[in-house]
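I opened this model to look up how the protein sits against the DNA and how some of its helices pack. My entries follow in the order in which I made them.

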2 protein chains.
Amino acid sequence: MAKQNTVFKDAFNRCLKLLAETSSLPSEPELGTTLGVSRTTVRAILTRMEELQLLAWDKRAKVVLRQPKPEDYYPAEETDSLSDIIERSFMRRILAGGAEPGMQINELELARDIGTGTTSVREFLIRFSRFGLIEKRPNSHWILKGFTREFALELTEVREMFELRSAASFAALAPDHPAWADLDRIETLHHEILADIDNRYKEFSELDERFHLLVHTSSSNRFIVDFYDIITIVFHYHYQWNKTNARERNARALEEHLDYIAALRSRDPARIETACRRHLKSARETLLQSIQ
Amino acid sequence: MAKQNTVFKDAFNRCLKLLAETSSLPSEPELGTTLGVSRTTVRAILTRMEELQLLAWDKRAKVVLRQPKPEDYYPAEETDSLSDIIERSFMRRILAGGAEPGMQINELELARDIGTGTTSVREFLIRFSRFGLIEKRPNSHWILKGFTREFALELTEVREMFELRSAASFAALAPDHPAWADLDRIETLHHEILADIDNRYKEFSELDERFHLLVHTSSSNRFIVDFYDIITIVFHYHYQWNKTNARERNARALEEHLDYIAALRSRDPARIETACRRHLKSARETLLQSIQ
DNA sequence: AAACTGTCTATTGTGGATAAAAGACAAAAT
DNA sequence: ATTTTGTCTTTTATCCACAATAGACAGTTT
């Protein structure tokens, strides 16, 4: 098959949710904007909804006939984009299956394993190579450099440089800059999670990403912001396989964040630097502990 | 055609030069190591040399029959790898052809223009995207973000952070570290070029890259070293299209380098920082001047 | 007049095919 | 006992084909 229609399936599922809330759907261009897809895909969705007797569709009239049932949705496995599937599969392989540094990575084998074509695997590897975990030998295989202690140290060294600089520039943002409002919302969430930490500590990972990305974004430097992708992916998979003391670690990090946020609000450079350094230091330690 | 045999042609040309200097060629594995290709390619080269009556080849005996003539070589255009061709072609397009920021980049059109398949163009764009000059809209085109003033400022901001840090760590290298010997050689070249600046100022660009890469490498941080690729490509193409006052600019930069090198030797952090900052500042100004 | 729909075209994403290049292994030579 | 060669298999680099998706334009509706 040439291309999976995952964009269609995912948008269809999201459109079902919209449909559940109204008696008629808006115009095709409007739906396209809402769902983030082209009109071609919108029309495919409407056609499918008609087939399923969910909708009576005639030109502008899009009347909802019945509520969607669970079986109307496409299964979640079919809505993942191929690159996500390859990423997950690859990460599992290199993290789970004893990823010896120096190991060779074989495009063909990986493709067979995942059940996909080589082109997609190749493109994934090229994209992934910017994370510094693999390296290409031209006309030959890729080398896994491994998720080693050195990797973590190099990563955190740059992270710390970038985040200190970003935090400093955050303090210089105009008082009416929208980032301050974002910061408020993020702070509120911190308090909410801390208040019910036993049940909600798992929400930390996502909040952590959101907070640090906000800080990095204030640097207005694409290289700094882009670098945060590496942090994100590393921590994302790191949280998935290192769950020891997650509750305690997350509670502590939340407290550190609150201190860091207060420092940002104070706009006092010295205080910001202290709070930022303290938090980054403990983040680094957490990461390092999970490695050896 | 599935794959151009540029590896073979390029290695063949290089092997002709080796052949010109001896009466017999070494073993296949040894040749492979020297030329940086596999035995398969070495054997293809030897076969071709036999056809051209350059060599009498029987197992271990590889007797040179005659000196290579100019027409024995493959033309230079045929030895460039496809990715180099695409890179040059792309850079010419976006630098020469009024590269408006926000312009769309079309894979198919680019491929037709260069006379190649879409896959190779796509892979090039993915690799190139890490330089922050283009950005992908999934399921749609690429956007050219343009070689703008902002780009240059963001690039130099990170460069300065990285280079200051690398320079500081350079001073901490053990006295017997090979980098010091490299530094000696680089310094000597500086003096040689300065002594004959009117004729040799064009050699600066390459020497500049070599010097800064050496400094960056001492950081032992893959992210810092990899980032230098961006600097390299930007300055490489920048030097090609901005040649005003090249002699003066290069002479000044060479002097600054010498000062910077002396500072590194002194191992005095304050002096290093001063020299490094001064040079980076003038490099930034040169780059910015070429933009608007 | 502005927004929407019908229809058509162009481009992207992905699998498959194939030549080039790498590389494995046993037999042969030093 | 290495190193080299002969032979064969595997993998990479690249083109091509085709479905999915985006997008353009004219005609239609409000």
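These entries cover the two DNA strands, then two helix pairs.

**Conventions.** I am working from a predicted model, in which local features need pLDDT of at least 70, side-chain atom pairs count only at pLDDT 80 or more, and totals for chains, interfaces and linings use all residues. I number residues from 1 along each chain as its sequence is written, letter chains from A and number ligands from 1 in the order in which they are written, and take side-chain values from heavy atoms, with hydrogens and water left out.

**DNA strand C.** I looked up the residues near this strand, a residue being near if one of its heavy atoms lies within 4 Å of the strand. There are 40 residues around DNA strand C, and A:Ala2, A:Arg39, B:Thr40, B:Thr41 and B:Arg122 come nearest. Of the strand C atoms that come within 4 Å of the protein, sugar and phosphate account for 70%.

I then went through polar contacts, meaning pairs of N or O atoms within 3.5 Å; within protein, one must be able to donate a hydrogen and the other to accept it, and residues adjacent in sequence count only if both atoms are side-chain atoms. A:Ser27 places a polar side-chain atom 2.9 Å from a phosphate oxygen of DNA strand C. B:Phe8 has a backbone N or O atom 3.3 Å from a phosphate oxygen of this strand, and a polar backbone atom of B:Glu107 is 3.2 Å from a phosphate oxygen of DNA strand C. The elements giving two or more residues to this surface are α2 (28-35), α3 (39-51) and α6 (118-128) of chain A, and α1 (6-19), α3 (39-51) and α5 (107-114) of chain B. Helices here are DSSP runs (H or I, at least four residues), as strands are (E, at least two), numbered from the N terminus.

By class I noted nine nonpolar, 17 polar and 14 charged residues near DNA strand C. Nonpolar covers Ala, Val, Leu, Ile, Met, Phe, Trp, Tyr, Cys and Pro, charged covers Asp, Glu, Lys and Arg, and the others, Gly among them, are polar.

**DNA strand D.** I found 42 residues around DNA strand D, the closest being A:Thr40, A:Thr41, A:Arg122, B:Ala2 and B:Arg39. Sugar or phosphate supplies 70% of the strand D atoms within 4 Å of the protein, and bases supply the rest.

Phosphate oxygens of DNA strand D lie 2.9 Å from a polar backbone atom of A:Val7, 2.9 Å from a side-chain N or O atom of B:Arg43 and 3.3 Å from a polar backbone atom of B:Lys59. The surface near DNA strand D divides into eleven nonpolar, 17 polar and 14 charged residues.

**α1(A) against α3(A).** What is the angle between these axes? They cross at roughly 60 degrees and come within 10 Å; axes are lines fitted to C-alpha atoms, for helices over the stretch in contact, with angles from 0 to 180 degrees between N-to-C directions. The two helices are therefore oblique to each other (under 35 degrees is roughly parallel, over 145 roughly antiparallel, 65 to 115 roughly perpendicular, the rest oblique). By class, their contact (heavy atoms within 4.5 Å) has nine nonpolar, one polar and one charged residues.

**α4(B) against α6(B).** Helix α4 (residues 82-96) of chain B packs on α6(B) at about 70 degrees, with the axes 10 Å apart. This pair is therefore roughly perpendicular. Their contact has eight nonpolar, two polar and two charged residues.
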